[in-house]
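Here is a short briefing on one strand and one helix residue. Keep the sequence and structure open while reading.

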Amino acid sequence: MKSLNPEDRHDLSVLQLARELWKIVRPYRGKFFLAICFLFLAIPLSQFALFLTRDVTNQALNASSLTIQERWDTVLRIVGLQAIFWLASSLLSTWREVLEWFVSMRATFDLRLKFYRHLHSLPLSFLTQFTPGAHLYRSTADMVSMFRVGNRVETSTPAGQMPPESKEVQMTYWYSNDVDPYDPGVMGIVARSMPLFIETIYALGWGMFLLSLIDPVLSLMLLAYIVPFALVSYFAFNRVRHAAFEFKEGIENEAATLRDSIAGLRTIKAFGRTAQQMGKYFGAAAGARRKGVTLGVELVKAQNLKQQGMRWIFTFSVYIYLANRIVQGQATIGDWVATALLIEAAQMPLQNFVQLTQLFKMQLVPIRRIFATLATEPTLVDPPGAPELPPIQGELSFDQVEFAYQPGVPVIRGLNLTVKPGEYLGIVGPSGAGKSSLVNLALRLYGADAGHVRVDGHDVREIQLASYLAQVATVPQSTFLYTGTIAENVGFGNPEATEDDIRHALDLAGATPFLALRPEGIHTEVAETAPVSGGERQRIGLARALVRNPKILFLDEATAALDPATEDAVLKTIQGLRGDRTIITIAHRLKAVTHCDRIIVLDQGQIVQMGSHEDLVSQPGLYQQLWRQQWEEIAGHALEVKRD
Ligand code: ADP
């Protein structure tokens, strides 16, 4: 199996990356190559037009032996040719740009879909390696840097959720975060940056060729300038990038202090800490200012001092050399004019070259990260030709199941268990005993290392997962409410449910009393942040599960977050559901399982006790111990409350 850790796969070579990127651009290769052809035509056309100024100068402007009419005719002829060249070059460049944007956007769109689809196909063992924030980061910041859409990523990636990465990588995050609608992003590396790279080299090549027609020494001078210019600028801009990152950190620090000051204003005032807080803010602001100045200085040093300095030395050398040649009658004024224009035209590609190498370096980090995720192979996929699971009765069995998240740290050890259709089973045990892992295996979120998990006799790994999941449902500890009506939230569990089905599910879940209090009933708008009580939320969650009419219902600490009175009420509702469906409830608090038909006590991945609550509580063992502990806690708490 390939490594699941994408960081291990950051070592994809540039060549491998290029191959992967090319796969994405390939469907648009026709347009891509057409753009490159246009580029190959447009550059020489525009440069030849510049070169022709030599003829305008020598054959017309400076040709004192000709009549005025002859000189004017020559001007018109050559300038006309230049105009045609420029026009053709502009049209070709325009088409090229449009094609490149098209390819870049289409390829980015394809890659985003591919990434999104892939993310969903990955096993939980991969996904849980990162915080949700990190996933969000991969799919927003990295993606946005491929498809910059004009809103800032920071809004969706709160501070503190930044994946812990090296400074270099974080710098890239920042660049990725600064959304620039004119930047084609990461896919643009192929569709835009690469052609620009070709253009740069090609344009410089043509520049050197045309200069060599004037005087080979000039093209050598250009060559002697290009190499140090590129190197010096590259290193100078490395420093700028570092300074920019430091500045960004400074500003973030200042913003964080400001945020704390405003959010904690009450506490600051109450503790009389205003002066200290001000000092802290001024310190942070001064730090940001200093770093801003450093950035400015680095920028000025790179652009004005180094780049401009080298440029002037080069231009000056060319002028001196050519002036000397003209004075000696070995070159013409036309040569002078054309050279001036050609060396000026070489500046732009040179600047581009330096910026592109910087951009390349920055774009490589998110590209690597995205392709590292894409290179992670999905496991637990349906085997080829897997059959659909027919309607089930609701029997779930574990047969000699072994499971570990990390090799050598077993979590489930040789577990055997059969849950009969319609049974109400409780799974209890201390924290870390493996209760949730058992449900994870039952839902095929993870695969057993050995043994079989079967539903109605079918191994869950050998059937079409979707056909199985359609017949089961889970209620987690806290139900997430999507923005929308209660009916929509319940309907999430089963898109085909009618309004009657939804009402029925809510009724079964015991939600009718609180719905009756709301004028809009099931059409009441809710949201994750809406003031919906814990009990109401869990009932909506229960209804969401029930609307699927599941044959197996998993309750994963579904009442753990509720206050005792609400918990009692929800538990009563759950007990009312038993009968025609298998219910498997995981609980840390034993109160949630006392009414189960059967309770299994799990410890260190093994079943250590099994029986009804009455059986278990009356025999010495872990269950009795847990029961006593929990009663003592309750009694202790009650005593404390009384004392208060
Ligand atoms: P319980 O539900 O009984 O509290 P779990 O099934 O959640 O126990 O966990 C069992 C053991 O597996 C614990 O030691 C826990 O730290 C570990 N574990 C749980 N999830 C993961 C995971 N995604 N990666 C690695 N270890 C995990």
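Contact here means heavy atoms within 4.5 Å. The model is predicted. The notes below start with residue T257 and then turn to strand β10.

**T257 and its surroundings**
- Helix α10 spans residues 216-263, and T257 lies in this helix.
- The relative accessible area of T257 is 6%. Buried means under 20%, so T257 is buried.
- Neighbours within four places in sequence are left aside in the contact list of T257. On that basis, T257 is in contact with Q277, K280, Y281 and A284.

**Burial of β10**
- Strand β10 covers residues 582-586. The strand is mostly covered, with 5 of its 5 residues buried.
- Both faces of β10 are covered. One side carries T582, I584 and I586, all buried. On the other side, I583 and T585 are buried.

**Strand pairing of β10**
- β3 (residues 424-428) pairs with β10 in the parallel sense, over 4 bridges. Within this pairing, Y424 has I583 of β10 as its bridge partner.
- β9 (residues 552-556) also runs parallel to β10, and 5 bridges join the two. Here L553 has I583 as its bridge partner in β10.
- I583 is thus a bridge partner of Y424 and of L553. I583 is also one of the buried residues of β10.

**Connection from β9 to β10**
- Helix α20 takes in residues 564-577. Together, β9, α20 and β10 make a β-α-β unit. The unit is right-handed.

Terms used:
Residues are numbered from 1 along each chain as its sequence is written. This is a predicted model: local features need pLDDT of at least 70, side-chain atom pairs count only at pLDDT 80 or more; totals for chains, interfaces and linings use all residues. Side-chain values use heavy atoms; hydrogens and water are left out. Buried means under 20% relative accessible area, exposed over 50%, partly exposed in between (1.4 Å probe, protein chains only). Two strands pair if DSSP finds at least two bridges between them. A crossover is right-handed if, with the strands pointing away from the viewer, the path from the first strand over the helix to the second runs clockwise.
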